[in-house]
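Here's a quick briefing to read alongside the coordinates. Pull the model up in your viewer and follow along.

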Amino acid sequence: MRAARLIRMALLVQSSPGLTADALAHELGVSRRTVIRDAQALQEAGVPVRAERGRAGGYRLAPGHRTRLTTLHPTEAETLYLSGLPTALRDLGLSDAADAARLKLSATLLPSLRAAAESSVRRFHLDAPAWFREPSAPELLPELARAVWSDRAVGITYARPGRDTSVTRLLQPYGLVLKAGVWYVVGRVPDGPDGAWRTYRVDRVTALSPAGDEPFVRDPGFDLAAYWRANAEAFARTLLQTTATLRLTGRGLGRLPAVADPAGVAEALASASGPDVEGRVTVELPVESEEVAFAQLSELGADVEVLAPEGLRARFRAHARALAALYGVAPGQR
């Protein structure tokens with residue numbers, strides 16, 4: 001509705017003076033021409049919005065003017081109480097601050113709005129981690145979160161997946177992402193190629209120390225949500241460091257998406273051969289490491305045969321012998 005858009009535009013101009021017509025058009029999801037018309041409509045309604053030209057120009061309110069359009073709608077009050085994940089706030093060390101903020105917000109709301117906000121808490125609970133995983137906050141997460149808040153560069157030691165080695169990096173941490181119960185830090189490695197952006201799992205950061213006395217200069221054009229959307233799939237693929245050649249029954253092929261990484265499964269299905277004389281198909285599955293692949297593929301039981309790499313195949317042979325010995329199965333006995 002246009003009325004809601006006009007209110008939002010007035011609040012944007014008040015909170016971020018100097019926004020250009022193009023910037024407002026992007027925020028409001030309209031054309032530049034519509035922004036100009038809406039600015040005229042606000043002026044006619046008594047809101048002194050004015051456009052200033054030049055390098056430091058943009059839309060601003062007259063000096064000293066503040067809108068009186070900040071009254072919350074009941075639906076807006078409800079959504080405020082759904083805007084954060086309790087477990088995420090706890091992991092970041094912010095649960096006490098969040099409780100205090102909600103208490104202060106409740107005290108300022110009208111009784112009808114307070115009831116609406118409290119109603120949402122009774123009706124919705126957000127639980128981010130996946131099933132069958134005991135969530136645990138990485139030990140260094142709160143310290144890393146403080147570096148993100150204060151724009152402070154840090155030195156990190158990072159344990160590489162599937163390897164016995166670690167690497168050290170100077171990192172400018174731009175943001176934290178909680179994905180399916182796992183925390184990631186996104187930042188820039190200033191001494192990397194072209195100041196490369198990197199994503200690291202926080203639970204693999206084994207050491208962290210301050211680097212420098214001054215805050216780093218944040219790139220104003222960086223959008224954490226947009227970066228994550230654009231790079232999440234590519235990042236997931238970078239975790240898959242090796243490939244396993246598998247021979248699967250039809251049932252095993254059907255269950256593969258339930259046990260392996262989606263990015264790897266998509267490539268495996270694309271590489272699948274036609275069924276052999278026993279009805280099995282051969283695929284090339286990208287996996288994170290032999291250890292991870294063994295844990296994942298063990299769930300398929302006899303519906304999967306590992307053909308390569310030999311190290312992974314040897315793990316399954318040893319596992320099969322151990323099971324046979326445990327259950328007293330003689331060679332050739334079924």
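How are α1 and α3 oriented to each other: roughly parallel or roughly perpendicular? They come out roughly perpendicular, because their angle of about 85 degrees falls in the 65 to 115 range that counts as such. Keep in mind that this is a predicted model. The chain has 13 helices and ten strands, and buried residues make up 35% of its 334 residues.

**The α1/α3 contact**
- Helix α1 covers residues 2-15 and helix α3 covers residues 32-44, with the two axes 10 Å apart.
- On the α1 side, the contact is made by R2, R5, L6, M9 and A10.
- On the α3 side, T34, V35, R37, D38, A39, A41 and L42 take part.
- Sorted by type, the residues of this contact are seven nonpolar, one polar and four charged.

**The five-stranded sheet**
- This sheet is open, with antiparallel pairing and the strand order β6-β5-β4-β3-β7.
- At its edges stand β6 (197-201) and β7 (205-210); each has a single partner strand, so one side of each is left without a neighbour in the sheet.
- Going between neighbouring strands, the turn averages 45 degrees, direction ignored.
- Inside the sheet, β3 (residues 154-159) and β4 (residues 166-179) pair in the antiparallel sense over six bridges.
- If you want a spot to zoom in on, V154 stands opposite L171 in β4.
- Helix α8 (residues 141-150) lies across β3, β4, β5 (182-188) and β7, and runs at about 85 degrees to β4.

**The three-stranded sheet**
- There's also an open sheet of three strands, ordered β9-β8-β10, with antiparallel pairing.
- Its edge strands are β9 (281-287) and β10 (304-308), each of which pairs on one side only.
- From one strand to the next, the twist averages 35 degrees.
- β8 (residues 242-248) and β10 are joined by four bridges in the antiparallel sense, and T245 has A308 as its bridge partner in β10.

**Helix α13**
- α13 spans residues 310-326, and its end C-alpha atoms are 24 Å apart.
- That agrees with expectation, because 17 residues at 1.5 Å a residue should span 24 Å.
- After α13 comes G328, which has a positive phi near 65 degrees.

**Contacts along the chain**
- Take the contacts between residues at least 6 apart in sequence: 59% of them join residues at least 24 apart.

Definitions and conventions:
Residues are numbered from 1 along each chain as its sequence is written. This is a predicted model: local features need pLDDT of at least 70, side-chain atom pairs count only at pLDDT 80 or more; totals for chains, interfaces and linings use all residues. Side-chain values use heavy atoms; hydrogens and water are left out. Helices (H or I, at least four residues) and strands (E, at least two) are DSSP runs, numbered from the N terminus. The expected span of a helix is 1.5 Å times one less than its number of residues. Axes are lines fitted to C-alpha atoms, for helices over the stretch in contact, and angles run from 0 to 180 degrees between N-to-C directions. Contact means heavy atoms within 4.5 Å. Ala, Val, Leu, Ile, Met, Phe, Trp, Tyr, Cys and Pro count as nonpolar, Asp, Glu, Lys and Arg as charged, and the others, Gly among them, as polar. Two strands pair if DSSP finds at least two bridges between them. Buried means under 20% relative accessible area, exposed over 50%, partly exposed in between (1.4 Å probe, protein chains only).
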